[in-house]
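Q: I am new to this structure and would like to learn how to read it feature by feature. Could we begin with a single residue and work outwards from there?

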Amino acid sequence: MLDNIQRTTTARPRTGLLFLAVVVGHILLISSQVQSRSGVPVLEGVTFGAFARLQEGTAGVIRSVRNVWGSYIYLRGVRAENADLRGRVAELEIRLQEQRALAERSSRLQSLLDLKPFVSAPTLAADVIAGYVNPGILTVTIDRGRDDGVMPDMAVISSAGVVGRVIGPVAAHAARVQLLIDHNGPAAAAAITERTRAGGMVVGKEGDPPLRMDFVSNVSDVKAGDVVVTSGADGIYPRGFRVGWVDKAERGDGLSLAITVRPAMDFRALEEVLVVLRPARAAMPEGSAEPGGPAR
């Protein structure tokens, strides 16, 4: 009896599903025969609408995926193009800097060429290759030497003013230049003030400004701002080249004024110089100094 009850319970759902299937089949059959107001069968209209909604959703998903993919590909292309443009800009900036440096060097060399006619002795252009000025380093090395005619105690100048003198030993293609501001060695230059022709000796000193003018009489008329130029009396530096400007002139303790001089030359920016190819001579009175050029 229990088995009969179980069979009855199992058969009821199957009967219900069969009945539901028959009902749905009748509805579909009727829908396929019944037409809507537009003349289209109801079943066809319903299925068309359902599939249209499904197609619309699918098309929307496809469009979204296509847009996302297209945007990704586009952005990758833009990034690659931007990277290429950045590379080109960097390359152009480097070329611009090279051209600017070349123009500056050409300008400096032109200044040296403009200076040569004012020097009575022959000159030789040279590049500074080592020893750029730092505290405690008051000499530089140039790329000209013994084989180029360079000798110890030859004067070194630039378009801005007096640089210093060559010191030995001199190599075949290199030489050291003691700067005028070196207070540890005899790099002094005989000089005068342009305004009153007061004569003295410009030497290096510690501090700022790094030059002083010694042996100028207390009765001399020297004022701040006076231009100081070489006198040629030392037998090394050509006459008439700018040394600097008087920074301060005060009465000294002895017979001489205490004068500080600000150099015309920026010794930290030395790159090209001129070596005066004239051997040093014994110091001579100011009136006997060889003529040179006007102060630059």
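A: Let us start with G232, which counts as buried because its relative accessibility is 9%, where buried means under 20% relative accessible area, exposed means over 50%, and partly exposed lies in between, with a 1.4 Å probe and protein chains only. G232 sits in the loop between β9 and β10, the latter spanning 242–251. Between the C-alpha atoms of G232 and A191 there are 7.5 Å in space, although the two residues are 41 apart in sequence.

Q: What should I know about the model and its numbering before going on?

A: This is a predicted model, in which local features need pLDDT of at least 70 and side-chain atom pairs count only at pLDDT 80 or more, whereas totals for chains, interfaces and linings use all residues. Residues are numbered from 1 along each chain as its sequence is written, and side-chain values use heavy atoms, with hydrogens and water left out.

Q: How many helices and strands does the protein chain have?

A: Helices (H or I, at least four residues) and strands (E, at least two) are DSSP runs, numbered from the N terminus. Here the protein chain has two helices and twelve strands, and along the sequence they follow the pattern α-α-β-β-β-β-β-β-β-β-β-β-β-β. Of the 296 residues in the protein chain, 31% are buried.

Q: Which strands close into barrels, and in what order?

A: Two strands are said to pair if DSSP finds at least two bridges between them. One closed barrel of six strands runs β6-β7-β8-β11-β10-β9 with antiparallel pairing, and its twist averages 40° from one strand to the next; for such angles, axes are lines fitted to C-alpha atoms, for helices over the stretch in contact, and the angles run from 0 to 180 degrees between N-to-C directions. Another six strands close into a barrel in the order β1-β2-β5-β4-β3-β12, again with antiparallel pairing, and neighbouring strands of this sheet are turned by 45° against each other on average, direction ignored.

Q: How can I follow the pairing from strand to strand in the barrel that contains β6?

A: A useful way is to take each pair of strands in turn and look for a residue and its bridge partner. Strand β6 (residues 189–193) and strand β7 (residues 199–204) run antiparallel and are joined by four bridges, with I192 standing opposite G199 in β7. These two strands form a hairpin with five residues between them, and R197 in the turn has a positive phi of about 60°. Strands β7 and β8 likewise pair in the antiparallel sense, over four bridges, and the partner of M201 in β8 is D214. Their hairpin has six residues between the strands, with G207 in the turn at a positive phi of about 100°. Strand β8 (residues 211–214) also pairs with strand β11 (residues 257–263), in the antiparallel sense over three bridges, and L211 has V261 as its bridge partner in β11.

Q: Is T230 in strand β9 buried or exposed, and what does T230 touch?

A: T230 lies in strand β9 (residues 227–230) and is buried, with a relative accessible area of 0%. Contact means heavy atoms within 4.5 Å, and, not counting residues up to four places away in sequence, T230 touches nine named here in chain order: V162, A190, A191, Y237, P238, R239, G240, F241 and V243. The side chain of T230 reaches the backbone oxygen of P238 at 2.5 Å.

Q: What does the other barrel show around strand β12?

A: Strand β3 (residues 155–157) and β12 pair in the antiparallel sense over two bridges, with V156 opposite V275 in β12. In the segment after β12 lies L277, which is partly exposed, with a relative accessible area of 24%. The C-alpha atoms of L277 and M154 are separated by 6.5 Å, although the residues are 123 apart along the chain. Leaving aside neighbours within four places in sequence, the contacts of L277 include P122, D148 and M154.

Q: Which residues have the most contacts inside the largest nonpolar core?

A: In soluble globular proteins, nonpolar side chains tend to be buried together. A nonpolar core is a set of buried Ala, Val, Leu, Ile, Met, Phe, Trp, Tyr and Cys residues joined through side-chain atoms within 4.5 Å. The largest one here has 45 residues, and L180 and L270 have the most contacts inside it. Strand β12 (residues 272–276) gives the largest share of this core, four residues.

Notes. A polar contact is a pair of N or O atoms within 3.5 Å; within protein, one must be able to donate a hydrogen and the other to accept it, and residues adjacent in sequence count only if both atoms are side-chain atoms.
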